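The following exercises are to be worked through with the sequence and the structure in view. Each task sentence is followed by a solution that goes step by step.

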Amino acid sequence: MAGYLARRFVQMFLVALVAAICAYGMLYLVPGGPIDQLLAERQNAGQNRITEADIRRVRERFELDIYLPFRFTRWLIGWPAGPLPGGIGADWQIGCAVPGQVRLRYPDGRVEVVEEGCEVPVTMADLEGRKVSRGIVFGDFGISQVMLRGRPVTDLIMTRLPYTLYLMGTSILLSILIAVPIGVYSAVRQYSRFDYIMTTIAFIGASLPSFVFGIFAILLFSVLAKNAGLPYLPPGDAVGVRDYTIPLIGTVQAGSFLDRFLRFLMPCGVLTFINIAGWSRFVRGSMLEVLSLDYVRTARAKGVAERVVILKHALRNSLIPFVTLLAGILVALFSGALITETVFNWPGIGRLFIDALGRNDYNVVMALLIINVVLLLIGILITDILYTVVDPRIRLT
Amino acid sequence: MATSTTAVPLEEAAPRRSEGQWAIVFRRFRRHRLAMFCVGLLTALLLLSAAAPLIAPYERDAPNLTGRFLTPMGRDADGGLHILGTDHLGRDYATRLLYASRVSLGTAFTATLIASTIGIILGMLAGYFGGWVDMAISRFLEIVATFPTLLLLLILSSILVQNINAVPLPAWGASFLAFLFAVSEREARIIFAVILVLAFFGWTGTARLMRGMVLSVRENVYIESARALGASNVRILFRHVFPNALPPMIVDFTLGVNGTLVAESALSFLGFGIQDPTPTWGNMLGYAQSYMFQYPWMPLIPAMPILIASIAINYIGDGLRDALDPRQRG
Amino acid sequence: MATESRVVAGAARPTGRRGAELLRVEGLKTYFFTEEGVVQAVDGVDFILRRGETLGIVGESGSGKSVTSLSIMRLVSPPGRIVEGKIIFDGINLLDLDPEEMRKIRGDRIAMIFQQPTTALNPVFRVGDQIIETLEIHQGLKGEEAQKRCIELLSMVGLPDPQRRMRQYPHELSGGQCQRVMIAMALACNPELLIADEPTTALDVTIQAQILDLMRELREKIETAIMLITHDMGVIAEMADSVVVMYAGQVVEYADVQSLFTDPKHPYTRGLLNSMPVLGDEREELEVIPGTVPSLINPPKGCRFASRCSKRFEKCDQPPPMIELGANRRVRCWLYED
């Protein structure tokens, strides 16, 4: 067991590292990137012409003035943060603050400015005094470059995490509690009216994208209900900023428990519905398969009561594949539902990812990505261990 | 018991599917009423999107600031009728929806086609050759499976869409896609970027399925006998393995199209996919969301085709599964 | 061993006179209502099984023998349904019982073992617990008492080291061992009727012989009537007292085992016997019955075997009646009319 775990952890570390390198490379190797975007934004905002100093500042903020391999190691393990002990390598060039420019004159008279060489190099000594993370390997995700202007990414995540945790936690719990009985009952009463209705709803629920659901929910419960003078639900955000009045319920104070609860209902409902649709189908299919197996017939032939046949003999077996789905739950709990959070403007981690990506806050994007990969890997490990608990045929090897 | 114990003669399990068998499949599929109806719906959508440039009543991007947010059947200041109304820039909704269908459905089909092709080839190689080929492909599959797909999809898409010059597409490809989607070449590059991203993340399931199919088919006796008769690897792959693996692949492809369609809509909805002015169902819905409180009908118009296409494709997939492999019911 | 266990269980039941009628099946029809049509899997089956007797039911796959046994247990699952007939067990028509009453009979008075011992046991429970479950349901045995009885049963079926075995999971046992567990489970409550559906088909030849020996041995000890379903005439010859031959959902011949083997009447029975290898046989090739079992969705109007029968004549277009040839001899064939 210890050996197995050790082997798994090494594997997991390697996979996470590969993912980190791929994602980091993807973000930074593509030409253009954050600096162009930022400069374009400024220009659009009607600010003054961008000066050389502006460019330098932005480059420094994104550490674009440090060569990619060093940028990556600084992000990964917080090194190099200055000259080596004893001042060795203080003058080693590890980046370039201002690229050199060369004018190319083509034979046809065209002139083009090409970046070539380096005008102002960055050395190890220059790194001293710069903010640097301890490295994500040691749990420091660095600073938020855009959204919080230099404050740690961790702060940002911690402000968003509670919202995601309670939204996802509630909906996942509700989904399991509802989906499993529905799936089981559908399978036991196969081809009954209940089964027919549930499978149709689940089919539609599972084939539709979540944002379409979200928007329909807002249309129905917020817009139409409000226009019709019925009690309605607030359409977005986790906490209101102004008091509002709902027919039959009365005035809801912004920030009150009722306010939070009402705003929680729709995103939670949509997520729960989507999960139920998928999971009840899964449980039904797996249950049907198990119900047709020999040992279920044996149990009946022994005179086991039908209820016990289903709840003891069949359910236990049919939930074995369900364990696989649990691998994703850990990730879902942390990273939330990207699309649903966005539709309902829910200030969770999923929404944070979209915002960070939209604003090129790469440290935030990378942090969330890495956390996701690691949690998924841990989820898979837990699943594999759980498998051996629920299915005696499986051994860890 | 008695119903299912009829032994299958060896000839029936042989790879060559005679025309008669496809006729049986077709007959079985036709019995699935709902699936037939869905085929009709999807065909109608495809025909409409194919004919978009011909039947669209207005110019796709022509703004009309005097006629913004017109209700369906509303008329603008010049008396022009807008069957589905206009958007926030006064562009004709019906026109944009037609073009959007072309882009959305086209993207979904193209991306799935690419993804399936990659998946089928890699899965076949892994399953058939085994050994280190299988090792390499399977390991890669495992690693990709641990990636948070949606996040990477968003990252890659946002990068590529911001830097369309980085999209590896030759000029002839761009003009072909521009023709296919009825868009400009610049737009075609963005669409291609999104197709690439979707295809890149869409092939793993197919590869895994194909690998499993090949492994099980390979175990069968007739491959042994084909090899004994001196058939070459390639010949065995295409004459024996492929036809047997085809039925589940068709189902996989159908459901894959829905997956890609939803993924593209989500990307575009969130603003990281195909960008305005190129219309897609997803980005039209994204814009409509901002105005839904004043104009509640707006999101319904692009949401409907997503709904219809998505459910229709899934029902078709379901019907196909029943028709192609009646044992896998449930 | 068995006598000891009876004392422990304290459940010796009034077994009645050996040779008295235990089970009478009359006009049983079990149909499957599928999309392709109604499959007449069992179409008018009659037979009698006496206490202490072993009745063999023989036929090809698809002849309805398994469905017959499941019908007796009332375990036919949809789309199958018993549409007609009577199953009289010890004077009661099982088809009249409500599900709860039927459940109490299953595993207690009528037990069943199946073809695939490895899949017939639930993979996630220890084999001991699966046996104890039966004891708990029907005899209310719990805890140590149940464990003790379980160990007895396991040693009765010849599993060495039963204390250890009962804590193992089915996948840790071999096919033969699993079948022994199944038999122990079936005999846990000393049933009056044991239905064995192809109990040896899935096993290796040597294991087959061991299991058959075990069943014969236990039959003597427990005095259970056995309904043995098989397609193997060899197993019939070794085990059965009387035999029902089934073809396409119908009984085509009924006889005691001696007469059946020495003087088979129905052309199908003859075919079956001729296709059986016999040690020291002079024949170059075994005979094969040409053709296949007809579709049970639209079975032929006349004799169902006619299309494969070498002795067919005009009359075979009419459905043949069951013809009595003696006290314990019946055959469904026009050849034996009066």
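A salt bridge is here a side-chain nitrogen of Lys or Arg within 4 Å of a carboxyl oxygen of Asp or Glu. This is a predicted model, in which local features need pLDDT (the predictor's confidence in each residue, from 0 to 100) of at least 70 and side-chain atom pairs count only at pLDDT 80 or more, while totals for chains, interfaces and linings use all residues. Residues are numbered from 1 along each chain as its sequence is written, chains are lettered from A in the order in which they are written, and side-chain values use heavy atoms, with hydrogens and water left out.

**Exercise 1.** Describe the interface of chain B and chain A, from its area to its polar contacts and its residue classes.

*Solution.* Begin with the extent of the contact (heavy atoms within 4.5 Å), to which chain B gives 40 residues and chain A gives 44 residues. The buried area, meaning the accessible area (1.4 Å probe) that two parts lose on being put together, summed over both, is about 3700 Å² for this pair, with 83% of it on carbon and sulfur atoms. Of the area that chain B buries against chain A, 15% is supplied by B:T146, B:L151 and B:I155, more than by any other three residues.

Next, count the polar links: the rule finds 0 salt bridges between chain B and chain A, and 3 residue pairs in polar contact, both residues at pLDDT 80 or more. A polar contact is a pair of N or O atoms within 3.5 Å, where within protein one must be able to donate a hydrogen and the other to accept it, and residues adjacent in sequence count only if both atoms are side-chain atoms.

Then assign the chain B side to helices, which are DSSP runs (H or I, at least four residues; strands are E, at least two), numbered from the N terminus. At least two residues each come from α7 (149-162), α12 (233-270), α13 (281-291) and α14 (300-324) of chain B, and α14(B) gives the largest share, 10 residues. By class, this side has 29 nonpolar, 10 polar and 1 charged residues, where Ala, Val, Leu, Ile, Met, Phe, Trp, Tyr, Cys and Pro count as nonpolar, Asp, Glu, Lys and Arg as charged, and the others, Gly among them, as polar.

**Exercise 2.** Carry out the analysis for chain A and chain C.

*Solution.* This contact takes 19 residues from chain A and 26 residues from chain C, and the two chains bury about 2000 Å² between them, 60% of it on carbon and sulfur atoms. The count here is 2 salt bridges, including the one between C:E133 and A:K312, whose closest N and O atoms are 3.1 Å apart. The rule also finds 14 residue pairs in polar contact, both at pLDDT 80 or more.

On the side of chain A that touches chain C, α10 (294-301) and α11 (306-318) each supply at least two residues, and the largest share, 6 residues, belongs to α10(A). By class this side has 8 nonpolar, 4 polar and 7 charged residues.

**Exercise 3.** State the confidence of the model and of chain C.

*Solution.* The model as a whole scores ipTM 0.83 and pTM 0.83. For chain C the mean pLDDT is 81, with 91% of its residues at 70 or more, whereas over residues 1-12 of chain C pLDDT stays under 50.
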